[in-house]
Amino acid sequence: MEKHAPNIRRLAAFAATVRCGSVTAAANAIALTQPALTQAIARLEEQVGCKLFEREPAGMRPTQPALLLAERAERALDLIGSPRVTATQINAFLALARTGSYAGAAEVSGLSPASLHRAARDLSIALGETLVERRGRHLSLTRKGRRRARNFGLAMAELRNGFEEVADWLGRSGSRIVVGAMPLSRAQWLPWAIVAFARQRPGTQIAVIEGSFAELSGRLRDGDIDLLLGAMRDPPADDLDQHSVFVDRPMIAMRSGHPLAGEKVLRPDTLRQYGWVLPAKGTPLRAHWEDMLGSTRQSPPSVAIECGSVLAARELLLDTDMLSILSPAQIRIELRSGALACKPPPQPIARSIGITTRKGWHPTPAQRDMVEILQGFDPHNS
């Protein structure tokens, strides 16, 4: 099957035939000739590698693969929003939206800058909207352009999932799940789930994209990522669903020979005397730290190093007297070796860790299996 966006006219012909039940009614519904509609369906059947309809005297009866694909095709066509849009235009515009320049889009799409210019212009004409504007040497999307880019991305995600469901039904491998992984999820949870999932579905590819919530949530909304793992947001975003899996209890981390390593109780005034390595402001862990060291009389101390990388934080802790707040799972190897130590914070910290998805997400069977495995994680027995 094609890696890029499938032919939009073929999809429209296919969806209309499932919906209407006959070639004649479908052709009338989308203003296409019957021979053109029949040819579009035949080409789509070649693409997916199976029959999508049984031709019967009473009309066109969709096969099981067709029923798997039809709902996703309808959702994708609604998101695309116009029968005049082509696959080439969608590919070109998404590449432009994600790279911010014609040169960058040419590199990732394989199209020439001239082709990209033409595709973006033709797309704007087809939709009757200004999608891209130039500001000096840089390009930016208009408000309508940003909305179109998100909808196109979600449409492509629906179609990828639909084709993968058909491939699974045919007994072919090739499904792919894209997981966005925030720092804590990469310590134990996600590796454990990948091992369990690989045993259950050895033919499914898993791609892991690392980053913070701020870096990954946009890609989740755009359809580039299927699910996002890490700390829950409070309050949750209106367009995202959160499913808590376990509670993490971060501790204050330091080198084993740190002056505070022998203290039984750590007090806020003592902790204020040391430099800190912490994630960016606005993250749940940073908010816990601010609550812990802030007061009505004093604001929290300045953060010496703002860093979301656990690897970098561990190295800094090993070589200095700085402190950090980390989950013991993230530094379990250093704790076992005695290189680092953990102490309870002055006030307990608890944060919910779980799965974030788009509202209205329709997972494939493989994605549902991955979610079920992730939900079965027990940090005390893994």
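Let's start with a pair of helices: the axes of helix 4 (residues 64–80) and helix 8 approach within 8 Å and cross at roughly 175°. Angles over 145 degrees count as roughly antiparallel, and helix 4 and helix 8 are therefore roughly antiparallel to each other. Sorted by class, the contact of helix 4 with helix 8 has 15 nonpolar, 4 polar and 5 charged residues. Please keep in mind that this is a predicted model.

**A second partner for helix 8**

Helix 5 (residues 87–99) also meets helix 8 (residues 143–169): their axes come within 10 Å, with a crossing of roughly 120°. That angle makes helix 5 oblique to helix 8. As for handedness, helix 5 passes helix 8 in a left-handed crossing. The residues that meet are Ile90, Phe93, Leu94, Ala97 and Arg98 on the helix 5 side, and Gly145, Arg148, Ala149, Phe152, Gly153 and Met156 on the helix 8 side. By class, 7 nonpolar, 2 polar and 2 charged residues make up this contact of helix 5 with helix 8.

Here are the two pairs next to each other:

| Helix pair | Axes come within | Crossing angle |
|---|---|---|
| Helix 4 and helix 8 | 8 Å | roughly 175° |
| Helix 5 and helix 8 | 10 Å | roughly 120° |

**The chain as a whole**

With those helices in mind, it helps to step back. The secondary structure of the chain comes to 15 helices and 14 strands. Along the principal axes, the C-alpha atoms fill a box of roughly 85 × 50 × 35 Å. The chain has 382 residues, of which 48% count as buried. Among contacts in the chain with a separation of 6 or more, 71% come from residues 24 or more positions apart.

**The sheet around strand 7**

Strands of a sheet pair through backbone hydrogen bonds, either parallel or antiparallel. One open sheet here is formed by 5 strands in the order 6-5-7-14-8, and its pairing is mixed. Strand 6 (205–210) and strand 8 (240–248) are the edge strands, each pairing on one side only. On average, neighbouring strands of this sheet are turned by 20° against each other, direction ignored. Helix 10 (residues 213–222) packs on the sheet, where it touches strand 5, strand 6, strand 7, strand 8 and strand 14. The direction of helix 10 makes about 155° with that of strand 7.

Strand 7 (residues 227–231) deserves a look of its own. It is mostly covered, with 5 of its 5 residues buried. Strand 5 (residues 176–181) runs parallel to strand 7 and is joined to it by 3 bridges. In this pairing, glycine 180 has leucine 228 in strand 7 as its bridge partner. Strand 7 also pairs with strand 14 (residues 351–358), in the antiparallel sense and over 4 bridges. There, alanine 231 stands opposite isoleucine 353 in strand 14.

**Where helix 10 meets other parts of the chain**

Aspartate 222 is found in helix 10. Is this residue buried, exposed or partly exposed? Aspartate 222 is partly exposed, because its relative accessible area is 22% and buried means under 20%. Leaving aside residues up to four places away in sequence, aspartate 222 touches Arg98, Arg150, Gly153 and Leu154. Arg98 and Gly153 appear in the contact of helix 5 with helix 8 too. The C-alpha atoms of aspartate 222 and arginine 150 are separated by 4.9 Å, although these residues are 72 residues apart along the chain.

**Another mixed sheet**

A further open sheet has 5 strands in the order 11-10-12-9-13, again with mixed pairing. Its edge strands are strand 11 (305–306) and strand 13 (340–343), and each pairs on one side only. Strand 9 (residues 251–255) runs antiparallel to strand 13, and 4 bridges join them. One bridge partner in strand 13 is alanine 341, which goes with methionine 254. Helix 12 (residues 284–293) lies across strand 9, strand 10 (276–278), strand 11 and strand 12 (323–326). Helix 12 runs at about 145° to strand 10.

Notes:
Residues numbered from 1 in each chain as written. Predicted model: local features only at pLDDT ≥ 70, side-chain atom pairs only at ≥ 80, totals over all residues. Heavy atoms only, no water. Buried < 20%, exposed > 50% of the residue type's maximum accessible area, 1.4 Å probe, protein only. Helix = DSSP H or I, 4+ residues; strand = E, 2+ residues; numbered from the N terminus. Pairing = 2+ DSSP bridges. Axes fitted to C-alpha atoms, helices over the stretch in contact; angles between N-to-C directions. Parallel < 35°, antiparallel > 145°, perpendicular 65-115°, else oblique. Left-handed = near helix turned anticlockwise from the far one by under 90°. Contact = heavy atoms within 4.5 Å. Nonpolar A, V, L, I, M, F, W, Y, C, P; charged D, E, K, R; others polar.
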